[in-house]
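User: Could you walk me through how some helices pack, what surrounds the ligand and where the backbone does something unusual?
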Amino acid sequence: MNGKFGTIRERMVQEQLIPRGISDERVLEAMRTVPRHCFVDGALQSRAYGDFPLPIASGQTISQPYIVASMTQALALSGAERVLEIGTGSGYQAAVLSRLCKQVYTIERINVLLAGARRIFDELTYFNIVAKLDDGTLGWPENSPYDAIMVTAGGPVIPEPLLDQLADPGRLVIPVGDQRLQKLQLVEKLEGEIMIRDLEDVRFVDLVGKHGWK
Ligand code: SAH
């Protein structure tokens, strides 16, 4: 699993991540370790570490490596956290998170994607990820609160249930905007207060659900 791909991942870290400001050593180590090529179609494996997003099934996409690293770094994980992800997709982002926290909960609304991601989590023995089929804009109240929440699809607003299910202190990253372009927003909950900061411009597929696009 290392060898050729290990070398390519190291180049990805050196050329795409460090120069753009990814400095959290734990995040860089996770990006060096998680085999991104396992999360894309066989025909796309040779391009898996390129500086761009790639198509996955059902017209969805796996984000560019830099965006995965940047959103992960924004959560400032130290290892003990319970993290909720909305939009499992290929499973790659959940896999990266799973190397950096205690437990990942991830929700996907498209069954074929969920099934594929679960199979890879098993193959890689990433046993601290649980995934379910649902509308993630409703969160996953049974396991709340979450120390960190990441939404990997773009919505018009920050879904209220996710704010409610965020721990205090807690951090949430989400792309918010129209269906063409979004701002990555970092929400911090601290002592009952909510602070929202705009990070960078991003382009994500639609967050579809009760508190997303219809
Ligand atoms: N994190 C993924 C990115 C996948 S693209 C990865 O690493 O590959 C975004 C995903 O969000 C798509 O798979 C889409 O089906 C899913 N999605 C969109 N709206 C959703 C919702 N309300 N609940 C759960 N998943 C949703």
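User: Which residues of α1 meet L28, M31, R32 and T33 in α2?

Analyst: Happy to start there, keeping in mind that this is a predicted model. Helix α1 covers residues 3-17 and helix α2 covers residues 25-33. The contact between them divides into five nonpolar, two polar and three charged residues. On the α1 side, the residues are R9, E10, M12, V13, Q14 and L17.

User: What is the orientation of α1 and α2 to each other?

Analyst: The axes of the two helices are 8 Å apart, and their crossing angle is about 140 degrees. The crossing of α1 and α2 is right-handed. Only angles over 145 degrees count as roughly antiparallel, so α1 and α2 are oblique.

User: And what about α1 and α3, which class of residue is absent from their contact?

Analyst: Here the axes are 10 Å apart and the angle is about 75 degrees, which makes α1 roughly perpendicular to α3. M12, Q16 and L17 of α1 touch P65, Y66 and A69 of α3. By class, the contact of α1 with α3 has five nonpolar residues and one polar, and the number of charged residues is none.

User: Turning to the ligand, which residues come nearest?

Analyst: There are 27 residues around the ligand. The ones that come nearest are G87, S90, E108, G136 and V208.

User: How far is an oxygen atom of the ligand from an N or O atom in the side chain of S90?

Analyst: Let's set this beside two other polar contacts, each with a nitrogen atom of the ligand. A backbone N or O atom of G87 lies 2.9 Å from a ligand nitrogen, and an N or O atom in the side chain of T152 is 3.0 Å from one. For the side chain of S90 and a ligand oxygen, the distance is 2.6 Å.

User: Where is P145, and is the peptide bond from S144 to P145 cis or trans?

Analyst: P145 is found in the loop between β5 (129-133) and β6 (146-151). Omega for the bond from S144 is near 5 degrees, and that peptide bond is cis.

User: Which strand holds P169?

Analyst: P169 is joined to D168 by a cis peptide bond, with omega about 5 degrees. The strand, residues 166-177, is β7.

User: Why is the phi of A76 worth a look, and what is its value?

Analyst: Most residues other than glycine have a negative phi. A76 lies in the loop between α3 (65-74) and β3 (82-86). This residue is not a glycine, yet its phi is positive, at about 50 degrees.

Conventions. Residues numbered from 1 in each chain as written. Predicted model: local features only at pLDDT ≥ 70, side-chain atom pairs only at ≥ 80, totals over all residues. Heavy atoms only, no water. Axes fitted to C-alpha atoms, helices over the stretch in contact; angles between N-to-C directions. Helix = DSSP H or I, 4+ residues; strand = E, 2+ residues; numbered from the N terminus. Parallel < 35°, antiparallel > 145°, perpendicular 65-115°, else oblique. Left-handed = near helix turned anticlockwise from the far one by under 90°. Contact = heavy atoms within 4.5 Å. Nonpolar A, V, L, I, M, F, W, Y, C, P; charged D, E, K, R; others polar. Near = heavy atom within 4 Å. Polar contact = N/O pair within 3.5 Å; in protein donor to acceptor, adjacent residues only side chain to side chain.
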